[in-house]
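Here is a walk through one chain and its ligand, meant to be read with the structure open beside you. Take a look first, then come back for the details.

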Amino acid sequence: MTTAHPVPSVPPSPSLAARTVPDGAAPAIEVVALRKAYGSTVAVRDVSFAVGPGEIFGVLGPNGAGKTTTVECLAGLRQADAGTVRILGLDPQSDPASVRELLGVQLQEAELNERMTVAEALRLYASFYEDPADTAELMDLLDLAPHRDQQFAKLSGGQKQRLSIALALVGNPQVAILDELTTGLDPQARRATWELVERVRERGVTILLVTHFMDEAERLCDRLVIIDQGVVVAAGSPAELIESVDSSRVLRLRVEPHEEPVVLEVLGGLADVGAVARAGREIEVTGTRRVLPAVVLALAERDVVPDVRTMTRSLEDVFVHVTGRTYDHTGATGPAATDDRSDTEGAAR
Ligand SMILES: Nc1ncnc2c1ncn2[C@@H]1O[C@H](COP(=O)(O)OP(=O)(O)OP(=O)(O)O)[C@@H](O)[C@H]1O
């Protein structure tokens, strides 16, 4: 007779979740129990994750978390103290040359000879590879064609970043590491760069995106790890991570004063509504994940069309939840604040 084993109710640790690749595919990138210290500073204590082919995978964390050290070990630029790293099954630590043709790396603040033009830099880098990309096509992809004869020193921040991405891609890599690629860019240039990253992925390149920007990771990454003080503290898709903090939804409604009695009556009768509270001139409604459509539909039936704002949680809330510290957009951290909800979205009447 066989005995059924109880399924453990404990959720998998972040480290275990990070090691699983969707659909059981062979990982394009694998990091297992990585450790790296600089003298007495342990930059990476225990980092593991696996990236599936074609994923945009984020390595997210505050300044000094150990992100760059992790990717430098992955790229074979630094020798790890312990653990293993693999790119498409090859070991860049023992044989950095083996991954040269497969891996493109864009590291922070790459500097080129100031007088070199965009086209010259691309030609030079292309000459390092056996089967380089078509540089004209790459310039088109990254909107660099109009600047092909411009010297590096004369490029804007956004143009320099686009060139550094182009240089990371010039070897036609299957895997690209992009480190802090939007730091210092204005909001418009950041958004344009995000679109480029998506275009690169559409060409089949697996992308490891290193960033301290939570919004960037939320927008771009299929899955990610959050690293803090050299260890993985959370792993999953942005939606899974945010859901794991709190699955409730919060709305704020603004209605005309004469509509309030009917609104409160409707809210009181909805099963998806958990709590109703006043927040200044607005009514705050907390409920299930279906609370937004339930409220809007029920009010529409009574001819009330409120202004609705959804109070969304974000990866910043996940960071606060798992570390007990706050996080600002510069990547700095501080003691945890009490109200960890951010207000992002507005819906017009
Ligand atoms: N070459 C080095 N020598 C000594 N300490 C270093 C060196 N490089 C990094 N560190 C230290 O290791 C820790 C992790 O740094 P790392 O650059 O890997 O983090 P990070 O998450 O990439 O942060 P940032 O985005 O600020 O670069 C930090 O405390 C940093 O000061």
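Of the 349 residues of the chain, 37% count as buried. Keep in mind that this is a predicted model. The chain has 11 helices and 15 strands. If you take the contacts between residues at least 6 apart in sequence, 70% of them join residues at least 24 apart.

**How far to trust it**

The mean pLDDT of the chain is 86, and 90% of the residues reach 70 or more. Over residues 1–11, though, the pLDDT is below 50, and this stretch has zero contacts beyond near neighbours in sequence. Residues 338–349 also have a pLDDT below 50, but here the model shows 20 contacts beyond near neighbours in sequence. Where pLDDT is low, the predicted coordinates should not be read in detail. As for the complex, the predictor gives an ipTM of 0.96 and a pTM of 0.80.

**Around the ligand**

Which residues are around the ligand? Reading along the chain, they are Tyr 38, Thr 41, Ala 43, Gly 61, Asn 63, Gly 64, Ala 65, Gly 66, Lys 67, Thr 68, Thr 69 and His 212. By class, that shell has three nonpolar, eight polar and one charged residues. Strand E2 (41–51) and helix H2 (67–74) each supply at least two of the shell residues. The largest share, three residues, comes from H2.

**A four-stranded sheet**

Further along the chain, there is a sheet to look at. Four strands make up an open sheet in the order E11-E12-E10-E13, with antiparallel pairing. Its edge strands are E11 (273–279) and E13 (307–311), each of which pairs on one side only. On average, neighbouring strands of this sheet are turned by 25° against each other, direction ignored. In general, strands of a sheet pair through backbone hydrogen bonds, either parallel or antiparallel.

Strand E10 (residues 249–254) is a handy one to follow. E10 is mostly covered, with five of its six residues buried. Five bridges join E10 to E13, and five bridges join E10 to E12. Arg 252 lets you see both pairings: its bridge partner in E13 is Arg 309, while in E12 it stands opposite Glu 284.

Two helices lie across strands of this sheet, and the table sets them out.

| Helix | Residues | Strands it lies across | Angle |
|---|---|---|---|
| H9 | 260–268 | E10, E11 and E12 (282–287) | about 155° to E11 |
| H10 | 291–301 | E10, E11, E12 and E13 | about 25° to E10 |

Note that the two angles refer to particular strands: the one for H9 is given against E11, and the one for H10 against E10.

**One loop residue**

Finally, have a look at Asp 23. Asp 23 is found in the loop between helix H1 (14–18) and strand E1 (29–38). Is Asp 23 buried or exposed? Asp 23 has 6 C-beta neighbours inside 10 Å, so it counts as exposed; the cut-off for that label is 12 or fewer. If you want a distance to check on screen, try Asp 23 and Thr 211: they are 188 residues apart in sequence, and their C-alpha atoms are 26 Å apart in space.

Definitions and conventions: Residues numbered from 1 in each chain as written. Predicted model: local features only at pLDDT ≥ 70, side-chain atom pairs only at ≥ 80, totals over all residues. Near = placed C-beta within 6 Å. Nonpolar A, V, L, I, M, F, W, Y, C, P; charged D, E, K, R; others polar. Pairing = 2+ DSSP bridges. Axes fitted to C-alpha atoms, helices over the stretch in contact; angles between N-to-C directions. Contact = placed C-beta atoms within 7 Å. pLDDT = per-residue confidence, 0-100. Buried ≥ 20, exposed ≤ 12 C-beta atoms within 10 Å, placed from the backbone.
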